[in-house]
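Student: Please take one part of this model and go through it closely. I would like to follow the sheet and whatever packs on it.

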Amino acid sequence: MLSRVTINERSQVELITVYEICRILGTSLDIARTFRSALNLLAAHMDMPRAMIVMPPPEGDVQLQVHSSVGLSREQEQRGHWNVGEGVIGRVYATGMPVTMPDVAQTTEFVDRTGAFGAGGADGMLAFIVVPLKTESSVVGVLAAQREVRGHARLSDDQRILTMVATLLAQAAS
């Protein structure tokens with residue numbers, strides 16, 4: 001069990017993260033720049049070194065693609081394409097329901113098109129958390145992030161903060 005101090009510290013970091021993302025969303029009309037800034041905040045504040053926003057292209061193609069990312073090379077971004085319903089990315093987009101995978105090495109549904117989110121090394125497990133970017137009427141994309149699972153990692157808390165951030169990003173995207 002996490003100590004009360006640790007829980008309070010995490011809550012403070014989460015609040016600061018959400019506040020900073022709201023501030024960013026209010027200052028720029030450039031959605032790509034805004035999304036990258038939000039992902040950089042998640043990486044810095046929440047210890048999520050790789051994260052991406054996946055959306056269908058503006059012309060309405062059926063394939064989803066990486067829109068913005070942090071911790072991925074340009075080549076990895078370009079490889080990031082999924083069909084709706086394919087893998088965890090496509091399933092979250094299709095159903096609008098979040099998914100948390102505590103260890104990507106132990107699941108067959110994980111489809112790492114980018115090559116950036118693979119299984120962890122000998123040091124530990126890598127979790128993958130995917131949440132929908134939802135408006136009132138539809139899913140406009142997904143937010144996916146990875147973190148190393150160590151100590152008293154609380155993946156349910158990670159899913160909760162990512163869901164809050166995804167809600168804010170969805171409003172900016174629509």
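Tutor: What follows covers the sheet, the helices across it and one residue within it. This is a predicted model, in which local features need pLDDT of at least 70 and side-chain atom pairs count only at pLDDT 80 or more, while totals for chains, interfaces and linings use all residues. Residues are numbered from 1 along each chain as its sequence is written, and side-chain values use heavy atoms, with hydrogens and water left out.

The sheet is open and has six strands, in the order β3-β2-β1-β6-β5-β4, with antiparallel pairing. Strands (E, at least two residues) and helices (H or I, at least four) are DSSP runs numbered from the N terminus, and two strands pair if DSSP finds at least two bridges between them. At the edges are β3 (81-83) and β4 (99-101), each of which pairs on one side only. On average, neighbouring strands of this sheet are turned by 25° against each other, direction ignored; axes here are lines fitted to C-alpha atoms, for helices over the stretch in contact, and angles run from 0 to 180 degrees between N-to-C directions.

Strands β1 (residues 50-55) and β2 (residues 63-70) run antiparallel and are joined by five bridges. Valine 54 has valine 66 in β2 as its bridge partner, and isoleucine 53 has serine 68 in β2. On to the next pair: β2 and β3 are also antiparallel, with three bridges between them, and leucine 64 stands opposite tryptophan 82 in β3.

Alanine 144 lies in strand β6. Its relative accessible area is 0%, so alanine 144 is buried (under 20%; exposed is over 50% and partly exposed in between, with a 1.4 Å probe and protein chains only). Leaving aside neighbours within four places in sequence, alanine 144 is in contact (heavy atoms within 4.5 Å) with Arg50, Ala51, Met52, Ile89, Phe128, Ile129 and Val130.

Two helices lie across the sheet strands. Helix α2 (residues 31-46) lies across β1, β2 and β6 (139-149), at about 60° to β2. Helix α5 (residues 155-173) lies across β1, β4, β5 (125-134) and β6, at about 35° to β5. The two helices pack at an angle of about 170°, with axes 11 Å apart. That makes α2 roughly antiparallel to α5, a term for angles over 145 degrees (under 35 is roughly parallel, 65 to 115 roughly perpendicular and the rest oblique). From α2, Ile31, Phe35, Ala38, Leu42 and Met46 meet Ile161, Leu162, Val165, Leu169, Ala172 and Ala173 of α5. By class, this contact has eleven nonpolar, no polar and no charged residues; Ala, Val, Leu, Ile, Met, Phe, Trp, Tyr, Cys and Pro count as nonpolar, Asp, Glu, Lys and Arg as charged, and the others, Gly among them, as polar.
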